[in-house]
Amino acid sequence: MLPYATIQEAETSLGRSLTTLETTWFNYTSDMSDYIIYCHNILFLFLIFSIVPLFYIFIELLFSNHVTRYKIQPKVKFSVYENFKCWFNVMKMFVLCVGPLQLVSYPSIQMIGVRTSLPLPSLMEIISQLVVYFLIEDYTNYWIHRFFHCKWGYEKIHKVHHEYSAPIGFAAPHAHWVEVLVLGIPSFLGPAIVPGHMITFWLWIALRQIEAIETHSGYDFPWTFTKYIPFYGGADYHDYHHYVGGQSQSNFASVFTYCDYIYGTDKGYRYQKRLLQQLKDGSKGDSKQNGGSYASVSDIKSE
Ligand SMILES: [Zn+2]
Ligand SMILES: [Zn+2]
């Protein structure tokens, strides 16, 4: 809850007028407890998990002819009902695990000092903190994910996430509840090391989920702005990890490619890319038909 009773009081305390955004924040949160402000995350996560993947379903339904060439595994198709089933399973996990985790994790947010007060953070502060959060989460997630690919971790826990060898947007958070809980830790590490404003925290959780949905979308569009982010893995990168499945010792990182490069766990992916390139160079007509998919690589294997 804000420590000011009125806007005038806030302006006197800050020694300047409030910006439009700060006035909006004041009006919205002045009577709200910090706990309720934090719990907005549950609503944001629900909306993101439910709405963002719809974008990929709609373009597949409405513009199939135009987007099939960007589908990473074009031979695999999921019906609307199968998508809905996946969403329903994710929602069950959301109600039983993600939601309650958000509700009880508030003390840790208080402890690390995520603030809700004025002034609001500058754009530069938000961006720099988000970069740090992404880097910390990516590095930690890499090692946890790699551990999940040991025999025990895969069989007991991680197998659930790999049920989709050709992932779809709704399958991004589809995982065993233990994985959901454990992978929640890296998400909190960044804000714990570099605590910021609640708005930055909201943005962090939202952007990370949107990124996960994009990398599981099954589509590798050349026009997404994420193509301009240095060392960004993207859909093609993570799709390969799902395509190989339990045997995969490649592409463990969730966001960037540098961890897999440093620790030598991108060799399988690079090999497949080279093989695919050779296939394209050898028979351009065929590769156009396959849309540059891994399916064409598996065709080489089976020959
Ligand atoms: Zn995996
Ligand atoms: Zn995945």
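Over residues 131–265 of this predicted model, the chain is 55% helix and 0% strand, and the C-alpha atoms at the two ends are 23 Å apart. UniProt, in an unreviewed entry, gives this stretch, 131–265, the feature "domain: Fatty acid hydroxylase".

**Annotated stretches**

The same record also places the feature "transmembrane region" at residues 35–63 and 84–106. Here are the two stretches with their computed make-up.

| Residues | Helix | Strand | Distance between end C-alpha atoms |
|---|---|---|---|
| 35–63 | 97% | 0% | 43 Å |
| 84–106 | 96% | 0% | 31 Å |

**Two domains**

Let us turn to the domain assignment. It divides the protein chain into domain 1, residues 1–32, and domain 2, residues 39–265. Taken over C-alpha atoms, the centres of domain 1 and domain 2 are separated by 34 Å. Where they meet, nine residues of domain 1 are in contact with five residues of domain 2. On the domain 1 side, helix H1 (7–14) and helix H2 (20–29) each supply at least two of the touching residues. H2 gives the largest share of that side, with five residues. Sorted by class, the residues on the domain 1 side are seven nonpolar, one polar and one charged.

**H3 against H11**

A good pair to look at next is helix H3 (residues 34–62) with helix H11 (residues 198–215), whose axes come within 10 Å and cross at roughly 20 degrees. Angles under 35 degrees count as roughly parallel, and H3 and H11 are therefore roughly parallel to each other. Their crossing is right-handed. If you would like to follow the contact on screen, H3 brings Ile37, Tyr38, His40, Asn41, Phe44, Leu45, Ile48, Phe49, Val52 and Pro53 to it, while H11 brings Met198, Trp202, Ile205, Ala206, Gln209, Ile210 and Ile213. The contact of H3 with H11 holds 14 nonpolar and three polar residues, and no charged residues.

**H7 against H10**

Another pair is helix H7 (residues 123–148) and helix H10 (residues 184–193). The axes of H7 and H10 come within 8 Å and cross at roughly 140 degrees. Angles over 145 degrees would count as roughly antiparallel; H7 and H10 are therefore oblique to each other. The crossing of H7 and H10 is right-handed. From H7, the residues Val132, Tyr133, Ile136, Glu137, Thr140, Asn141 and Ile144 meet Pro186, Ser187, Leu189, Gly190, Pro191 and Ile193 of H10. By class, this contact of H7 with H10 has eight nonpolar, four polar and one charged residues.

**Backbone details in the loops**

Two backbone features are worth a visit as you trace the chain. A cis peptide bond joins Leu118 and Pro119, with omega about 5 degrees. Pro119 sits in the loop between helix H6 (106–112) and H7, and H7 is the helix that meets H10. Further along, Phe231 is not a glycine, yet it has a positive phi of about 65 degrees. You will find Phe231 in the loop between H11 and helix H12 (234–244), and H11 is the helix in contact with H3.

How values were computed:
Residues are numbered from 1 along each chain as its sequence is written. Chains are lettered from A and ligands numbered from 1 in the order in which they are written. This is a predicted model: local features need pLDDT of at least 70, side-chain atom pairs count only at pLDDT 80 or more; totals for chains, interfaces and linings use all residues. UniProt positions are given in the numbering used here, feature names are shortened, and annotations may be inferred rather than shown by experiment. Helices (H or I, at least four residues) and strands (E, at least two) are DSSP runs, numbered from the N terminus. Domain bounds come from an automatic or database domain assignment. Two residues are in contact if their C-beta atoms, placed from the backbone, lie within 7 Å. Ala, Val, Leu, Ile, Met, Phe, Trp, Tyr, Cys and Pro count as nonpolar, Asp, Glu, Lys and Arg as charged, and the others, Gly among them, as polar. Axes are lines fitted to C-alpha atoms, for helices over the stretch in contact, and angles run from 0 to 180 degrees between N-to-C directions. Angles under 35 degrees count as roughly parallel, over 145 as roughly antiparallel, 65 to 115 as roughly perpendicular and the rest as oblique. A crossing is left-handed if the near helix is turned anticlockwise from the far one by less than a right angle, and right-handed if clockwise.
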